[in-house]
Amino acid sequence: MIQKIDNATVREAVQQAYERCKNETGGKNADYIPYLANVPSNLFGIAACLPDGEVIAVGDTDYKFGIESVSKVPTAILAMNQYSAQEMLDKIGADATGLPFNSIMAILLENDHPSTPLVNAGAISACSMVKPVGDSDGKWKSIVGFIEGLAGSQVEVIDELYKSETATNFNNKSIAWLLKNYNRIYDDPDMSLDIYTRQCSIGVTAKQLATMAATIANGGVNPVTKQPVFKPELAPKIASLMATVGFYEHTGDWLFTTGLPAKTGVGGGIMGVVPGVMGVAAFAPPLDEAGNSVKAQKALAYVAGHLNLNIFGTTRCVMAEKEPAKA
Ligand SMILES: NC(=O)CC[C@H](N)C(=O)O
């Protein structure tokens, strides 16, 4: 069954989700990265980006927060776009780990694969793949340019966050070198880790995350700028990776509850992709024990439930065609 919705219905759902969730107090800011502990916990915003380029936004949707693990999504697409989906599957993998994002055990258990580009190990490995290999500045330009293409606007590193993360990323250092041990890092390990740490420290707004998600939902063409950003055949590949492991060890619970392929970051952001329909995002710093924003999960679950966005549902939600303007 097809259910047509229009922009106004989405605006209403986003507003209602905001009202329902704004007083939620569960969770706690990440504190293993000192900068994140000091971000105001009451910030909260929800955004959606529709195929006609309208960006719906309620709450703190212009606040720049650390993209963190949501950055694993653009880098995975970039690596697939530069090589191929198959090569990323061969070099990194596409499996759920069922373990925390920074798990070393996951690497030991599957020592011929970092499992997926959406956990720390696979993301560091994906950063090592990004071309031009051996050229830190060139890689960084590729990654930032790609994120800006997806978001349709400029992004910058939050310097204080980058310093805070670089000073404390001992576990990630072990991961980078363990990958080297298994021949699963494709550039200098320290440089690949630095690129990963920098990309996690990029500041984004909920509006930008929603637009990035909408570009994926729209088959690689940014609905705001109308520019093609990546090969259309990669859209279902990245959506499947997000559905498989986007919430780490809580991914099954999330997918069971909402049916929405989405990816979280410890900065408090979540972006969700409704293939062929829209991108949604929410931001609120306090996290659950797996590192996923409590309030953002509730907000997106409400929007997904209310608009029938479940990709496994028997009712397919599509945007209604716009009425032609009257002469
Ligand atoms: N889940 C996350 O957002 C983790 C990202 C963070 N930069 C880390 O490597 O630990």
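This note sets out numbered points on a predicted model, covering cysteines, annotated positions, selected buried residues and salt bridges.

1. Cysteines. The predicted model holds 0 disulfides. For C127, the closest cysteine sulfur belongs to C200 and lies 7.7 Å away, too far for a bond. The converse also applies, since the closest cysteine sulfur to that of C200 is the one in C127, at 7.7 Å. A disulfide would need the two sulfur atoms within 2.5 Å, so the separation of 7.7 Å rules out a bond between C127 and C200. C127 is buried, at 0% relative accessibility, and C200 is likewise buried, with a relative accessible area of 0%.

2. Annotated binding site. According to the UniProt record, an unreviewed entry, the annotation "binding site" covers S69, N120, E165, N172, Y196, Y248 and V266. Two of these positions, S69 and N172, are taken up in the next two points.

3. S69. This residue is placed in the loop that runs between strand 4 (65-66) and helix 3 (72-82). S69 counts as buried, with 7% relative accessibility. Its side chain makes a polar contact of 2.7 Å with the side chain of K72. Setting aside residues up to four places away in sequence, S69 touches N120, Y196, Y248, K263, T264 and G265. Among these partners, N120, Y196 and Y248 also carry the "binding site" annotation in the UniProt record.

4. N172. Helix 9 (residues 170-181) contains N172. The residue is buried, its relative accessible area being 10%. Beyond residues up to four places away in sequence, N172 touches N120, I124, L193 and Y196. N120 and Y196 therefore appear both in the contact list of N172 and in that of S69, which links the two annotated positions through shared partners.

5. D288. What is the situation of D288 with respect to charge pairing? The residue is buried yet has no salt bridge, and the nearest side chain of opposite charge, that of K298, is 9.6 Å away. Side chains of opposite charge can pair when their charged atoms come close. A salt bridge requires a nitrogen of Lys or Arg within 4 Å of a carboxyl oxygen, so the distance of 9.6 Å to K298 does not qualify. D288 does have a polar contact of 3.1 Å, between its side chain and that of Q297. It is located in the loop between strand 9 (278-283) and helix 14 (294-307). Apart from neighbours within four places in sequence, D288 is in contact with H250, V294 and Q297; Q297 is thus both a contact and the polar partner of D288.

6. A214. Helix 11 (residues 206-217) includes A214, which is buried with a relative accessible area of 3%. Leaving out residues up to four places away in sequence, A214 touches C49, P223, M278 and G279. By contrast, its C-alpha atom is separated by 28 Å from that of L193, although the two residues are 21 residues apart along the chain. L193 is itself one of the contacts of N172.

7. Salt bridges within helices. The whole structure has 8 salt bridges, including the two in this point and the one in the next. E87 pairs with K91, the closest N and O atoms being 2.6 Å apart. These residues are 4 residues apart in helix 4 (residues 85-91), which means a separation of about one helical turn. E87 is partly exposed, at 29% relative accessibility. D194 pairs with R198, where the closest N and O atoms are 3.0 Å apart. Both belong to helix 10 and are 4 residues apart, about one turn of the helix. D194 is partly exposed at 22% relative accessibility, whereas R198 is buried at 15%.

8. Salt bridge between separate elements. K139 forms a salt bridge with D187, the closest N and O atoms being 3.1 Å apart. Because K139 lies in helix 7 (residues 136-151) and D187 in the loop between helix 9 and helix 10 (189-200), the pair ties together parts that are 48 residues apart in sequence. K139 is buried, at 0% relative accessibility, and D187 is buried as well, with a relative accessible area of 14%.

Note on methods. Residues numbered from 1 in each chain as written. Predicted model: local features only at pLDDT ≥ 70, side-chain atom pairs only at ≥ 80, totals over all residues. Heavy atoms only, no water. Buried < 20%, exposed > 50% of the residue type's maximum accessible area, 1.4 Å probe, protein only. UniProt positions renumbered as here; feature names shortened; annotations may be inferred. Helix = DSSP H or I, 4+ residues; strand = E, 2+ residues; numbered from the N terminus. Contact = heavy atoms within 4.5 Å. Polar contact = N/O pair within 3.5 Å; in protein donor to acceptor, adjacent residues only side chain to side chain. Lys, Arg positive; Asp, Glu negative; His and termini not counted.
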